Amino acid sequence: QPYYDRLVQDAPFLTSNGRLSEQLVDKITLQLNRVYPQILTNKEAEKFRNPKTPLQTRLKELLQHLQKKGDRDCQEFYRALQNNADQLYITLPSLKKWSPVFFLSCFSVAAGLALLMYCFSPDAKVAVGTRKVVGFSAIGFGRHVRNILIAYMEDTSRKT
């Protein structure tokens, strides 16, 4: 996922009250200014560090500025955020890609395939009843999976 898109996704999270302290925004701004002056000039850094402007306003303007500059500049913002606030960085919405349900689903599919391979292995001495149970379990699957299981059951029943 491009850093620009990640920043668009994470901006509401980052600008919500209390996520980033004034000190942290200053550190990120200084890092972007000192290490990458092409990202933030001295004048821009002063603007985003001005204590007369509310923190939320400065932060929103900084994120918008980075989005206008491009993907590489957004990437450097993430690098600065990770360097200065790793605990906040790992909780960003753009980093939470897979839910536990996804992993459980993948495991279930893998376990089901392993069971099918075991039941229909020509070398395995498996009871005929087990094949019937697997054949009837096709009823609970989606149309495509069900068609594959039924075709496989028909094919194996012809061989026995």
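1. A starting point: exposed and buried. A residue counts as exposed when its relative accessible area is over 50%, as buried when that area is under 20%, and as partly exposed in between. Lysine 68 has a relative accessibility of 75%, so this residue counts as exposed. You will find lysine 68 in helix 4. Try picking out tyrosine 4 as well: lysine 68 and tyrosine 4 are 64 residues apart in sequence, while their C-alpha atoms are 9.0 Å apart in space. Please keep in mind as you look around that this is a predicted model.

2. The chain as a whole. How many helices and strands does the protein chain have? There are nine helices and zero strands, which gives the pattern α-α-α-α-α-α-α-α-α when read along the sequence. The protein chain has 160 residues, of which 32% count as buried. About 10,600 Å² of the protein chain is exposed, and carbon and sulfur atoms supply 58% of that area. If you take the contacts between residues at least 6 apart in sequence, 60% of them join residues at least 24 apart.

3. The nonpolar core. In soluble globular proteins, nonpolar side chains tend to be buried together. Here the largest nonpolar core holds 27 residues, and Leu14, Phe77 and Leu81 are the ones that touch the most other members. Helix 1 (3–15), helix 2, helix 4, helix 5 and helix 6 (86–89) each contribute at least two residues to this core. Leucine 14 is a nice residue to click on: setting aside neighbours within four places in sequence, its contacts include Leu7, Leu20, Leu59, Leu63, Phe77, Leu81, Leu88 and Leu92. Arg19 is also one of the contacts of leucine 14.

4. The aromatic rings. A search of the whole structure turns up three aromatic pairs. In one of them, the ring centres of tyrosine 3 and tyrosine 78 are 5.9 Å apart and the planes meet at 45°, so this pair is tilted. It links distant parts of the chain, with tyrosine 3 in helix 1 and tyrosine 78 in helix 5, 75 residues apart. Phenylalanine 77 and tyrosine 78 also pair, this time edge-to-face, with 5.7 Å from centre to centre and 70° between the planes. Ring pairs join Tyr3, Phe77, Tyr78 and Tyr89 into a cluster.

5. How covered are these rings? Is tyrosine 78 buried or exposed? Its relative accessible area is 1%, so tyrosine 78 is buried. Phenylalanine 77 is buried too, because its relative accessible area is 0%. Tyrosine 3, with 25%, is partly exposed. Tyrosine 78 has a further partner in arginine 6, whose charged end sits over the tyrosine 78 ring, 4.2 Å from its centre.

6. A salt bridge between helices. Side chains of opposite charge can pair when their charged atoms come close. Five salt bridges are found in a search of the whole structure. In one of these, the side chains of arginine 58 and aspartate 26 meet, with 3.8 Å from N to O. This pair links distant parts of the chain: arginine 58 is in helix 4 (residues 55–69) and aspartate 26 in helix 2, 32 residues apart. Where do the two partners sit, buried or exposed? Both arginine 58 and aspartate 26 are buried; for aspartate 26, the relative accessibility is 16%. Not counting residues up to four places away in sequence, aspartate 26 touches Arg49 and Arg58. Glu22, Asp26, Arg49 and Arg58 are linked in a network of salt bridges.

7. Two salt bridges to compare. Glutamate 76 forms a salt bridge with arginine 79, with the closest N and O atoms 3.0 Å apart. Why are these two separated by about one helical turn? Glutamate 76 and arginine 79 are three residues apart in helix 5 (residues 71–84), and therefore about one turn lies between them. Glutamate 76 is buried at 5% relative accessible area, whereas arginine 79 is partly exposed at 37%. Arginine 72 and aspartate 73 form another salt bridge, in which the closest N and O atoms are 3.7 Å apart. In this pair, arginine 72 is partly exposed at 41% and aspartate 73 is buried at 8%.

Note on methods:
Residues are numbered from 1 along each chain as its sequence is written. This is a predicted model: local features need pLDDT of at least 70, side-chain atom pairs count only at pLDDT 80 or more; totals for chains, interfaces and linings use all residues. Side-chain values use heavy atoms; hydrogens and water are left out. Buried means under 20% relative accessible area, exposed over 50%, partly exposed in between (1.4 Å probe, protein chains only). Contact means heavy atoms within 4.5 Å. A salt bridge is a side-chain nitrogen of Lys or Arg within 4 Å of a carboxyl oxygen of Asp or Glu. Helices (H or I, at least four residues) and strands (E, at least two) are DSSP runs, numbered from the N terminus. A nonpolar core is a set of buried Ala, Val, Leu, Ile, Met, Phe, Trp, Tyr and Cys residues joined through side-chain atoms within 4.5 Å. Accessible areas come from the Shrake-Rupley method with a 1.4 Å probe; for residues, only the protein chains shown count as cover. Rings of Phe, Tyr and Trp (its six-membered ring) pair if their centres lie within 6.5 Å; planes under 30 degrees apart count as stacked, over 60 as edge-to-face and the rest as tilted. A charge sits over a ring if NZ of Lys or CZ of Arg is within 6 Å of the ring centre and within 35 degrees of the ring normal.
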